[in-house]
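Biologist: Please look closely at the largest pocket of this model and explain, for a first-year student, how the parts around it are built.

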Amino acid sequence: MRTTRTTLRIRKAVGGGRVAVALVAVGALALAGCGSGGKGEGEGGAAQKPTVKLPELDGQKVSVAAVWGGAERKVFLRVLDEFEKRTGAEVSFVPAQDPIIGFLESKVAGGEPPDVAMLPQVGAIEQAVANKWAEPVGAEAQKQLEKNYAKGWQELGAVDGEQYGVYFKAANKSLVWYNTAVMKNAGGQEPKTWDDFLQTAQMIYDSGIAPVSVAGAEAWTLTDWFENIYLSQAGPEKYDQLAKHEIKWTDPSVKKALTTLGELFGEKGFVAGGQRGALGTEFPESVKQTFVGGDQPKAGMVFEGDMVSLAIAETDAKIGTDAKVFPFPAVGSESPAVVGGDAAVALKDSEGAQALLTYLASPDAAAIWAKAGGFVSPNKNLDFATYPDDVQRDIAKALIAAGDDIRFDMSDQAPQAFGGTPGKGEWKALQDFLKNPKDVAGTQKALEDAAAKAYKD
């Protein structure tokens with residue numbers, strides 16, 4: 001249970017009030033079993049001493065909206081349970097739909113906005129502020145941010161110099177998880193480069209198993225596929241330019257990245273269920289069809305971030321034995337890692353909303369989810385020993401070591417109409433590309449048309 005070597009390469013790009021993140025992990029990752037969180041500060045371990053004093057909120061109600069479902073929602077509810085115990089408030093979880101901005105618009109129009117919303121895109125925070133829905137972070141939450149967060153993470157939650165968001169959850173979106181029995185039966189090994197990855201995929205296909213499971217029904221996974229290839233292949237400067245739409249999606253660098261991705265998506269038998277089957281596969285199912293069925297699952301590998309471990313935990317597969325992980329293979333000279341995050345934003349100027357932001361900005365809240373696994377916190381004062389395995393500790397250490405020099409998920413930096421809306425923009429264009437990976441030119445045109453409209457070029 002160790003990383004043979006993990007190297008952090010820091011690249012900074014600041015523009016339009018946004019800071020972006022890229023971490024590069026080099027070396028094979030061997031993941032040990034995830035622990036499980038629990039009651040209060042976490043079952044299976046001693047309760048962590050509170051680091052922040054919270055107000056008494058007996059009888060007050062606080063609602064929190066988020067798009068999290070499945071295992072992620074279950075763990076977040078534990079985080080909220082502890083807030084209830086420490087404050088006396090009654091907290092309710094409000095299931096939101098993507099895009100969350102559209103969901104919140106209907107709630108605001110109906111006069112029933114939640115007290116707090118967990119926003120998964122930088123652009124969503126900016127839009128909430130522009131719509132005058134968001135309330136600035138209060139003094140106590142601001143103290144926690146200044147104490148526990150690097151300036152870069154604070155800036156990600158700020159608009160025009162004023163703080164609105166508290167980044168509670170980060171995610172490394174550059175990991176490929178694999179079924180060890182399938183890999184062994186195929187005679188494959190963890191690939192370091194894209195060419196090696198395709199060769200490994202061929203070996204798995206030849207053994208009678210589809211190489212990869214793709215969650216095409218949730219198109220954010222497709223943006224992550226593209227971004228990892230693009231960052232590694234085109235480099236950080238181009239990545240930053242495309243993120244801000246300073247270069248067009250018809251640029252040759254985009255053509256090259258789509259063509260590369262098409263080498264996987266377009267190869268007959270490489271995607272579990274075929275292209276159309278993948279378009280009907282949601283994220284949790286993409287993980288389960290890789291790890292359910294022993295050495296005869298529907299797929300041998302699945303790409304996505306550290307949150308995959310939570311979905312694996314809902315199967316009989318054991319992380320570290322049945323399921324292992326390696327860094328996204330290098331397409332260019334370096335292996336990429338793209339990071340995203342979810343920020344808490346107050347939509348009501350209430351004591352309960354501000355207390356919850358203060359709590360979420362503290363190590364106390366982060367520790368509960370960290371113990372459960374499938375979670376990385378940007379909180380620099382969270383004890384690394386809280387994470388359940390060496391791999392997640394290494395991911396967290398690399399994230400914290402980056403300090404102010406961080407790069408964020410490209411689609412999450414875009415206007416939500418382009419980078420975060422089901423059936424529209426980048427999501428729709430990449431789902432159409434999955435359906436027909438040979439249509440690179442058509443995909444580029446669709447991407448550029450949607451980007452020009454969303455960025456108001």
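Modeller: The answer begins with the whole chain, turns to the pocket, and then follows the elements around it.

This is a predicted model, in which local features need pLDDT of at least 70 and side-chain atom pairs count only at pLDDT 80 or more, while totals for chains, interfaces and linings use all residues. Residues are numbered from 1 along each chain as its sequence is written, and side-chain values use heavy atoms, with hydrogens and water left out.

The protein chain has 20 helices and 13 strands; these are DSSP runs numbered from the N terminus, helices being H or I of at least four residues and strands E of at least two. Of its 457 residues, 60% are buried, where buried means under 20% relative accessible area, exposed over 50% and partly exposed in between, with a 1.4 Å probe and protein chains only.

The largest pocket holds about 820 Å³ of space. On a 1 Å grid over the protein atoms alone, a pocket is an open set of points where a 1.4 Å probe fits, with protein on both sides within 12 Å along at least five of seven lines; lining residues have an atom within 4 Å of a point. Its volume is the space filled by probe spheres set on the points, which are joined across faces, edges and corners. Among the 38 lining residues, Val67, Trp68, Glu72, Glu218 and Trp220 are the closest to the centre of the pocket. Elements that give two or more residues to this lining include α1 (70–87), β8, α8 (220–234) and α17 (410–413). The lining divides into 16 nonpolar, 12 polar and 10 charged residues. Here Ala, Val, Leu, Ile, Met, Phe, Trp, Tyr, Cys and Pro count as nonpolar, Asp, Glu, Lys and Arg as charged, and the others, Gly among them, as polar.

Two of these lining elements, α8 and α17, also help to cover the buried residues of helix α9, as does α10 (252–265). In α9 (residues 236–243), Tyr239, Asp240, Leu242 and Ala243 are buried. Seen down the axis of α9, these residues fall within an arc of 165 degrees, so they line one face of the helix; the arc is that of the directions from the helix axis to the C-beta atoms. Just after α9, His245 takes a positive phi of about 60 degrees.

Strand β8 (165–172) leads to another helix, for the buried residues of α4 pack against β8 and against elements including α14 (351–360) and α15 (363–372). In α4 (residues 139–148), the buried residues are Ala141, Gln142, Gln144, Leu145 and Asn148. Down the axis of α4 they fall within an arc of 160 degrees, so they line one face. Ala139 and Glu146, on the other side of α4, are exposed.

Val67, one of the residues closest to the pocket centre, leads finally to Phe103. The C-alpha atoms of Phe103 and Val67 are separated by 9.9 Å, although the residues are 36 apart along the chain. Phe103 is found in helix α2 (residues 100–109) and, at 11% relative accessibility, counts as buried. Leaving aside neighbours within four places in sequence, Phe103 is in contact (heavy atoms within 4.5 Å) with Ala65, Val94, Pro95, Ala96 and Gln97.
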